[in-house]
Amino acid sequence: MPILVVAVVLVGLVTALNLVLVLGVLRRLRGQQPQTPHSAGPPMELRPGMRPGVFTATTTTGEQVGDHDMGGLVGFFSAGCEPCHVQAPRFAERARALGRERTLAVIAGDDAELLALLTPVARVVVEEYDGVVQAAFRNAWTPAMYLLGEDRRVVAAGLKTTDLPTTDLPTGHRAGKAHA
């Protein structure tokens with residue numbers, strides 16, 4: 001009987017050691033994974049070199065905007081979207097540097113906070129989740145941001161403002177300088 005007790009205790013100790021080792025391996029693997037949840041999102045369908053589709057929309061201030069006058073910064077945000085609320089102030093800062101007439105913000109749904117933040121620095125379109133501007137950009141994800149050149153082609157696209165370059169702003173515009 002004492003041999004059986006020793007065997008059970010030994011199996012228990014080996015099992016406990018195995019558990020500690022597995023937990024250590026899992027902790028190491030978890031530490032190697034990227035910690036930014038928004039760095040890997042769905043691919044942006046509209047890529048550099050491509051143009052958005054044809055659209056015409058009315059901003060919250062009654063201005064008409066369309067694909068024909070696009071060139072600059074375009075951002076898509078959703079009501080109730082936490083990452084959108086994180087990116088919106090950064091987008092507003094970039095918009096302020098580029099100029100309101102060169103920036104378009106599209107808000108899907110009703111979000112007074114986003115509207116109040118973006119209206120002073122961008123032309124703002126509020127539309128449903130499947131609106132005409134989102135369809136023209138083939139955009140199904142928020143936040144999403146695009147930098148368009150003077151030829152209305154996408155220069156860069158990303159899920160965060162940091163995904164967009166600050167040196168390749170459309171003709172004659174650089175971050176930190178207001179558009180005249």
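Q: Why is Glu 127 called buried?
A: In this predicted model, Glu 127 has a relative accessible area of 9%, and the term buried applies under 20%, so Glu 127 meets the criterion. The residue lies in strand S5.

Q: What makes the approach of the side chain of Glu 127 to the backbone nitrogen of Val 132 a polar contact?
A: A pair of N or O atoms has to lie within 3.5 Å, and the backbone nitrogen of Val 132 lies 3.3 Å from a polar atom of the Glu 127 side chain. The backbone nitrogen of Gln 134 also satisfies this limit, because its distance to a polar atom of that side chain is 3.0 Å.

Q: Which residues does Glu 127 touch, not counting residues up to four places away in sequence?
A: Glu 127 touches Val 106, Ile 107, Ala 108 and Gly 109, together with Val 132, Val 133 and Gln 134. As for Ala 57, it is 70 residues from Glu 127 in sequence, with 9.1 Å between the two C-alpha atoms.

Q: How do you know that Arg 123 is buried?
A: The relative accessible area of Arg 123 is 6%, which is to be set against the limit of under 20%, and Arg 123 therefore counts as buried. Arg 123 lies in strand S5, which spans residues 123-127.

Q: What does the side chain of Arg 123 reach, and at what distance?
A: The Arg 123 side chain reaches the backbone oxygen of Glu 101 at 3.1 Å. Beyond four places in sequence, the residues that Arg 123 touches include Thr 59, Glu 63, Asp 69, Arg 100, Glu 101 and Ala 105.

Q: What makes Glu 63 and Arg 100 a salt bridge?
A: A side-chain nitrogen of Lys or Arg must come within 4 Å of a carboxyl oxygen of Asp or Glu, and the closest N and O atoms of Glu 63 and Arg 100 are 3.0 Å apart, so the pair qualifies. The pair links distant parts of the chain, since Glu 63 is in the loop between strand S1 (56-58) and strand S2 (64-66) and Arg 100 is in the loop between H2 and S4, 37 residues apart.

Q: Why is Glu 63 called partly exposed?
A: Its relative accessibility is 29%, and partly exposed covers the values between the limits of 20% and 50%, so Glu 63 falls into that class. By the same limits Arg 100, with 26%, is also partly exposed.

Q: How do you know that the side chains of Glu 150 and Arg 102 meet in a salt bridge?
A: The N to O distance is 2.8 Å, and the cut-off is 4 Å, so the criterion is met. Glu 150 lies in the loop between S6 and strand S7 (154-158) and Arg 102 in the loop between H2 and S4, so this pair ties together parts that are 48 residues apart in sequence. Glu 150 is partly exposed at 43%, whereas Arg 102, at 11%, is buried.

Q: What makes Asp 151 and Arg 153 a salt bridge?
A: The closest N and O atoms of Asp 151 and Arg 153 are 3.7 Å apart, and this pair therefore lies within the 4 Å limit. Asp 151 is partly exposed at 37% relative accessibility, and Arg 153 is partly exposed at 35%. A search of the whole structure finds five salt bridges.

Q: Which residues of the largest nonpolar core touch the most other members?
A: Of the 20 residues in this core, they are Leu 73, Phe 77, Phe 91, Ala 105, Leu 118 and Leu 164. The elements that give two or more residues to the core are strand S3, helix H2, strand S4, helix H3 and strand S6, and H2 gives the most, with six residues. A second, separate core of 19 residues includes Phe 55, Met 70, Val 74 and Ala 136.

Q: Why is Met 1 called exposed?
A: Met 1 has a relative accessible area of 75%, and exposed means over 50%, so the term applies. Met 1 is placed in the segment before helix H1 (2-32). With Leu 4, Val 5, Val 8, Val 9 and Leu 13, Met 1 forms a nonpolar patch on the surface, with about 650 Å² of accessible area together.

Methods
Residues are numbered from 1 along each chain as its sequence is written. This is a predicted model: local features need pLDDT of at least 70, side-chain atom pairs count only at pLDDT 80 or more; totals for chains, interfaces and linings use all residues. Side-chain values use heavy atoms; hydrogens and water are left out. Helices (H or I, at least four residues) and strands (E, at least two) are DSSP runs, numbered from the N terminus. Buried means under 20% relative accessible area, exposed over 50%, partly exposed in between (1.4 Å probe, protein chains only). A polar contact is a pair of N or O atoms within 3.5 Å; within protein, one must be able to donate a hydrogen and the other to accept it, and residues adjacent in sequence count only if both atoms are side-chain atoms. Contact means heavy atoms within 4.5 Å. A nonpolar core is a set of buried Ala, Val, Leu, Ile, Met, Phe, Trp, Tyr and Cys residues joined through side-chain atoms within 4.5 Å. Patches are made of residues with over 30% relative accessible area and no salt bridge: like charges are joined within 9 Å, nonpolar side chains (Val, Leu, Ile, Met, Phe, Trp, Tyr) within 5 Å. Accessible areas come from the Shrake-Rupley method with a 1.4 Å probe; for residues, only the protein chains shown count as cover.
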